[in-house]
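Grab a pencil and have a go at these exercises before you peek at the solutions.

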Amino acid sequence: DDDADDKKPVAKESTAPTKPGTDPSPKPTPAPGAAEFNKDLKEGEAKVRWILKNDVDVPSGGVPVRGPWTTGDIVAKAMYRTASGHSLDDGSQKWSLRLPADVCAAPSQPSPDGKIVIALRESTEEGADCEKLQMIDLVTGKAGWTATLDRSSMSDGLSHVVMAINGDVVTAGRTTRTDAYRISDGKHLWDRLPGTCQPYGFASGDVPLAAVDCLKAPSDTYDEEVRRIDPATGKTVWTYKVKKGWRIDKFYSLDPPVVSLRQDEPKQNWAIALLSNDGTLLAQPDPGKEEFAMECGERDENLDDCLGATAGGDTFYLATKPTHVNGAFTNSVVAFDMKTGKIKWKVPAPPGQTLKPMRVENGKVLLYLAAPDSKATTGGGIMALGPQGGALQTVLRHPASAATTASSIPRSAMPTGAR
């Protein structure tokens, strides 16, 4: 059997633990600025360049932040009814764009030439459909073309919008169809494809992988495929057939392809498929006694928004579930052989800290090292490991003075995305 097999669990997963003793109603305190963090820098610690404090007036219940997206010397984000761009050098605002309605979906990455296409609600009324597309030039902050998605189908109207950018193409996927547009001029390229099987979401990046639904009736059990699809034409390059009853959960990596799969009935199961670059199943990770935990976005939204898993070359990297040791949480990073699924090595995080694989660059896996949960003499940072494991290599060390603030930042605020 070359698909997910519920008789052989390929991964053990647990929800992230909650911090013991957390005050359910903490009293607000003024947020410190960059100068305060830089007062007591230690040797080897990076200087905090700037801190951006939210100045967008949002509803009391809060709203999601879309982005950040970087292009050139600009970092941009969108939230509620505003998009803004800031200087990477000093954080100064370069532009601000008021939007006519709430932002409801957006890709994880911009186009190579610095464009983003976001989705807006049809109006400011509560429950308005997520159906308007708006292109924005992230360098200038200028609004470009707009388009309206057809959401008249009953199942479509109840679906989230999954957005992705692959080169000069943006896709907006949902149940029963995906619409593709050329970013440079807004031309509509394709929507429903011939046949029963329809993509409902892509992952952003250089390799356009799509989750495809082949259900013949809404009451049928899951019947899905992973496809590499030319985003400009909608033509399939290769297909990996997922075992019936399993659904595509997330893409952990695009090159090489690594796919998270879920089974909801008769019981909940989780599996990971390690694929070759032509869609052939190579292996499924053998977890042994390890348990793993990723931090991902909402189910049914973007498919490439996880922190804690990545792949490069012949190795797949996965974060273990944090465990409580001596009053603090800590974990490890486990490396798997892409061809066999066997564990190659395991490297623990420093005591009281956790490691999350981010992406692979120049043959090394980059890892986010979380700041300690409590006051400590060290901060978090970015670490690296070679394909053979070994000792952690420091890429960027965050100031210890910022540890408390950094530990309170949700991981969802970090740029993620399958690569």
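Below are three short exercises on this predicted model.

**Exercise 1: a sheet and its edges**

Work out which strands stand at the edges of the open sheet β13-β14-β15-β16, and why one side of each is left without a neighbour.

*Solution.* Start with the order: 4 strands make up this open sheet, β13-β14-β15-β16, with antiparallel pairing. Now look at the ends: β13 (198–202) and β16 (236–241) each have a single partner strand, so one side of each has no neighbour in the sheet. From one strand to the next, the twist averages 35°. Further in, 5 bridges join β14 (residues 209–213) to β15 (residues 224–229). One bridge to look for: aspartate 213 has glutamate 224 in β15 as its partner.

**Exercise 2: a ring pair**

Classify the pair formed by the rings of tryptophan 190 and phenylalanine 202.

*Solution.* First, take the numbers: the ring centres of tryptophan 190 and phenylalanine 202 are 6.2 Å apart and the planes are at 50°. Next, apply the cut-offs: under 30 degrees is stacked, over 60 is edge-to-face and the rest is tilted. So this pair is tilted. Then place the residues: tryptophan 190 sits in strand β12 (residues 188–190) and phenylalanine 202 in β13, 12 residues apart.

Finally, are they buried or exposed? Buried means under 20% relative accessible area. Tryptophan 190 has 6%, so it's buried, and phenylalanine 202, at 1%, is buried as well.

**Exercise 3: a hairpin**

Find how many residues the hairpin uses to join β29 to β30.

*Solution.* Strands β29 (residues 381–386) and β30 (residues 389–397) run antiparallel, joined by 5 bridges. In one of them, isoleucine 382 partners leucine 396. The hairpin gets from β29 to β30 through 2 residues.

Key
Residues are numbered from 1 along each chain as its sequence is written. This is a predicted model: local features need pLDDT of at least 70, side-chain atom pairs count only at pLDDT 80 or more; totals for chains, interfaces and linings use all residues. Side-chain values use heavy atoms; hydrogens and water are left out. Two strands pair if DSSP finds at least two bridges between them. Axes are lines fitted to C-alpha atoms, for helices over the stretch in contact, and angles run from 0 to 180 degrees between N-to-C directions. Rings of Phe, Tyr and Trp (its six-membered ring) pair if their centres lie within 6.5 Å; planes under 30 degrees apart count as stacked, over 60 as edge-to-face and the rest as tilted. Buried means under 20% relative accessible area, exposed over 50%, partly exposed in between (1.4 Å probe, protein chains only).
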